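Here are some exercises to help you find your way around a new structure. Try each one yourself before reading the solution.

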Amino acid sequence: IPLQPPRNRQGWEALIGEIQTIGSTNLTGGWMLGRDELMKAAPEATRRLLLLSDGQLNVGIVEPGMVMRLVGAGLEKDAVRTSCLGFGPDYNEDLMAECARITGGQFYDAQSAEKLPAIFAAELEGLQKLVVQNLRVRFKRLDFCDAAMLLGNSPVVSLPDGRQEITVGDLVS
């Protein structure tokens, strides 16, 4: 369904009802289609992608490192933040959680349909209360400081000028 205002709910439900499982997951292909649709939005729009998958890489790009680099580049280049919903009895929790973490998105264990309304409500509420998007903090340790340590798992990049950049992510009110 192309990016558009939500006017044809019944038609969309019919399309979604036609989806069939065939035992293959082209996770990266689906993610790229979603990213491409988000790029059609106004430049100032918040770009949030919800990836619903079992995370099994068996079609398309199947190397986890390449998938993570692509999803991470989506945040850097296109400001697309990815939240992941893991489905199925044997979904790849490590891959799904890492794709969400590197973009500052959320990871959800969506093992039952009953969890979906709360997950979608949390994502929508987060978007409505967004006050700062893609916050990054840069710092340089001064001569009198012997050491600095980051508590947490936020991504850190060393910059050419000796500073460190910590990706904090979005801030909500």
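**Exercise 1.** Which residue's side chain meets that of E165 in a salt bridge, N to O? Work out where the two partners sit and how much of each is covered.

*Solution.* Keep in mind as you start that this is a predicted model.

Step 1: The partner of E165 is R138, and the N to O distance is 2.5 Å. A salt bridge requires a side-chain nitrogen of Lys or Arg within 4 Å of a carboxyl oxygen of Asp or Glu, so this pair qualifies.

Step 2: Place both residues. E165 belongs to strand β6 (residues 164–172) and R138 to strand β4 (residues 130–139), so the bridge ties together parts that lie 27 residues apart in sequence.

Step 3: Check how covered they are. E165 counts as buried because its relative accessibility is 7%, while R138, at 48%, counts as partly exposed.

Step 4: Look for further partners. E165 and R138 belong to a network of salt bridges that also links E76 and R136.

**Exercise 2.** Describe the salt bridge of R9 with E13, and then the one that joins R48 and E123.

*Solution.* Step 1: Recall the general idea. Side chains of opposite charge can pair when their charged atoms come close.

Step 2: Take R9 and E13, whose closest N and O atoms are 2.9 Å apart. Both residues lie in helix α1, with their positions 4 residues apart, about one turn of the helix.

Step 3: Add the surroundings. R9 is exposed because its relative accessible area is 62%, and E13 is partly exposed at 44%.

Step 4: Turn to R48 and E123, where the N to O distance is 3.3 Å. This pair links distant parts of the chain, with R48 in strand β1 and E123 in helix α5, 75 residues apart. Both R48 and E123 are buried.

Step 5: Put the pairs in context. The count for the model comes to 9 salt bridges.

**Exercise 3.** What is the volume of the largest pocket, and which elements give two or more residues to its lining?

*Solution.* Step 1: Start with the space itself. The largest pocket has a volume of about 2,000 Å³.

Step 2: Name the elements. Those that give two or more residues to the lining are α1, α2 (27–38), β1 (47–53) and α5 (116–128). The largest share, 7 residues, comes from α2.

Step 3: Look at the lining residues. There are 39 of them, and I1, I16, L50, L52 and F120 lie nearest the centre of the pocket.

Step 4: Sort the lining by class. It has 21 nonpolar, 11 polar and 7 charged residues.

**Exercise 4.** Where does I1 lie, and which residues make a nonpolar surface patch with I1?

*Solution.* Step 1: Find I1 in the segment before α1 (9–17).

Step 2: Check its exposure. I1 counts as exposed because its relative accessible area is 53%.

Step 3: Find its companions. I1 makes a nonpolar surface patch of about 420 Å² together with L15, I16 and I19.

Step 4: Connect this to the pocket. I1 and I16 are also among the residues nearest the centre of the largest pocket.

**Exercise 5.** Is W12 buried or exposed, and how far is W12 from D143 in space?

*Solution.* Step 1: Locate W12 in helix α1.

Step 2: Apply the cut-off. Buried means under 20% relative accessible area, and W12 is buried because its value is 18%.

Step 3: Compare the two kinds of distance. W12 and D143 are 131 residues apart in sequence, and 60 Å separates them in space, C-alpha to C-alpha.

Notes. Residues numbered from 1 in each chain as written. Predicted model: local features only at pLDDT ≥ 70, side-chain atom pairs only at ≥ 80, totals over all residues. Heavy atoms only, no water. Patch = residues over 30% accessible without salt bridge, like charges linked within 9 Å, V, L, I, M, F, W, Y side chains within 5 Å. Areas by Shrake-Rupley, 256 points an atom, 1.4 Å probe, with all protein chains shown as cover. Buried < 20%, exposed > 50% of the residue type's maximum accessible area, 1.4 Å probe, protein only. 1 Å grid on protein atoms, 1.4 Å probe; cavity = no way out; pocket = protein on both sides within 12 Å on 5 of 7 lines; lining within 4 Å. Points joined across faces, edges and corners; volume = space filled by probe spheres on them. Nonpolar A, V, L, I, M, F, W, Y, C, P; charged D, E, K, R; others polar.
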